[in-house]
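Trainee: Could you take me through this structure step by step? I would like to learn how to read it.

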Amino acid sequence: MDWDYPQPFILAVTPQAGDIDGLNHTNNAVYVRWCEQAGWAHSNSLGLSLDDYRRLDRAMAIRRGEYDYLLPTFVGEALRLATWLVGGDGKLSMERRFQLVRDSDGATVLRGRWDLVCIELSSGRPRRMPAEFLDTYMPVIVGGPPTVSRARV
């Protein structure tokens, strides 16, 4: 696969009948849900779970999400959703990227980006990342621009 960044965390997904909208392709909201699932699965694989967020009274919350829907997908198609942490200031913010690729031809069907901010769960206010976040997330941040150009629609 031609991934935008090296060493992706990958979540395999396949649209089911309930994911298909009135236009007979995967509903855009399904892609957003898959990105959330991939983000949590990646965080869990690194050693930080929702329980850890609650224990620390901190969370990385989505401040802004952007999605580029490049190509449609259909029921039963095997897809791979890759995610990376690509930036972080070591204080309050991080950036997560997504790339959804169709297995059959390697085409990128979606790219996504989240701007994340660390918040205190009990107040909802921005707070510095705790040491556990820094120790877990900062070492896996991938730097630089994507290694492939954006697909044209």
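Mentor: We will go through the sheet, the cores, the salt bridges and the aromatic rings; keep in mind that this is a predicted model.

Trainee: In which order do the strands of the open sheet lie?

Mentor: Strands of a sheet pair through backbone hydrogen bonds, either parallel or antiparallel. Here five strands form an open sheet, and the pairing is antiparallel. Reading across, the order is β1-β3-β4-β5-β2.

Trainee: Which are the edge strands?

Mentor: Look for strands that pair on one side only. Two strands fit that description: β1 (9–13) and β2.

Trainee: By what angle are neighbouring strands of this sheet turned against each other on average?

Mentor: Direction is ignored for this value. Neighbouring strands of the sheet are then turned, on average, by 25°.

Trainee: Which residue in β4 stands opposite L85?

Mentor: Start with β3 and β4. These strands run antiparallel, and nine bridges join them. Opposite L85, in β4, stands R96.

Trainee: What packs on the sheet, touching β1, β2, β3, β4 and β5?

Mentor: Its direction makes about 135° with that of β1. The element is α1.

Trainee: Which residues touch the most other members of the largest nonpolar core?

Mentor: In soluble globular proteins, nonpolar side chains tend to be buried together. The largest nonpolar core here holds 27 residues. Those that touch the most other members are W34, M60, L100, F133 and Y137.

Trainee: Which element gives the largest share of this core?

Mentor: Several elements give two or more residues, among them α1 (28–46), β2 (58–69) and α3 (131–137). The largest share is seven residues. It comes from β5.

Trainee: Leaving aside its neighbours within four places in sequence, which residues is F133 in contact with?

Mentor: F133 belongs to the group that touches the most other core members. Set aside its neighbours within four places in sequence. The contacts are then L48, Y53, L56, R58, A59, M60, C118 and M138.

Trainee: How many residues does the second, separate core have?

Mentor: This core includes W3, W84, V86 and V101. Its full count is seven.

Trainee: Is R58 buried or exposed?

Mentor: Side chains of opposite charge can pair when their charged atoms come close. R58 meets D57 in a salt bridge, at 4.0 Å from N to O. D57 has a relative accessible area of 22%, so D57 is partly exposed. R58 has 17%, under the 20% limit, so R58 counts as buried.

Trainee: How many residues apart are E95 and R113?

Mentor: Their side chains meet in a salt bridge, at 2.9 Å from N to O. The pair links distant parts of the chain, with E95 in strand β4 and R113 in strand β5. The separation is 18 residues.

Trainee: Which of these two, E95 or R113, counts as buried?

Mentor: R113 has 21% relative accessibility, so R113 counts as partly exposed. E95 has 15%. The buried one is therefore E95.

Trainee: Which residues are linked in a network of salt bridges?

Mentor: A search of the whole structure finds 15 salt bridges. One of them joins R64 and E66, with the closest N and O atoms 2.8 Å apart. The linked residues are R64, E66, E95, R97, R113 and D115.

Trainee: What kind of aromatic pair do Y31 and W34 form?

Mentor: A pair of aromatic rings is described by the distance of the centres and the angle of the planes. The centres of Y31 and W34 are 5.7 Å apart, and the planes stand at 75°. Planes over 60 degrees apart set the class, so the pair is edge-to-face.

Trainee: Where do Y31 and W34 lie?

Mentor: Both residues are buried. They are three residues apart, about one turn of the helix. That helix is α1.

Trainee: Which residues do ring pairs link into a cluster?

Mentor: The count of aromatic pairs comes to nine. Y31 and W34 form one of these pairs. The cluster consists of Y31, W34, Y67 and Y69.

Conventions
Residues numbered from 1 in each chain as written. Predicted model: local features only at pLDDT ≥ 70, side-chain atom pairs only at ≥ 80, totals over all residues. Heavy atoms only, no water. Core = buried A, V, L, I, M, F, W, Y, C linked by side-chain atoms within 4.5 Å. Buried < 20%, exposed > 50% of the residue type's maximum accessible area, 1.4 Å probe, protein only. Helix = DSSP H or I, 4+ residues; strand = E, 2+ residues; numbered from the N terminus. Contact = heavy atoms within 4.5 Å. Pairing = 2+ DSSP bridges. Axes fitted to C-alpha atoms, helices over the stretch in contact; angles between N-to-C directions. Phe/Tyr/Trp six-rings, centres within 6.5 Å; stacked < 30°, edge-to-face > 60°.
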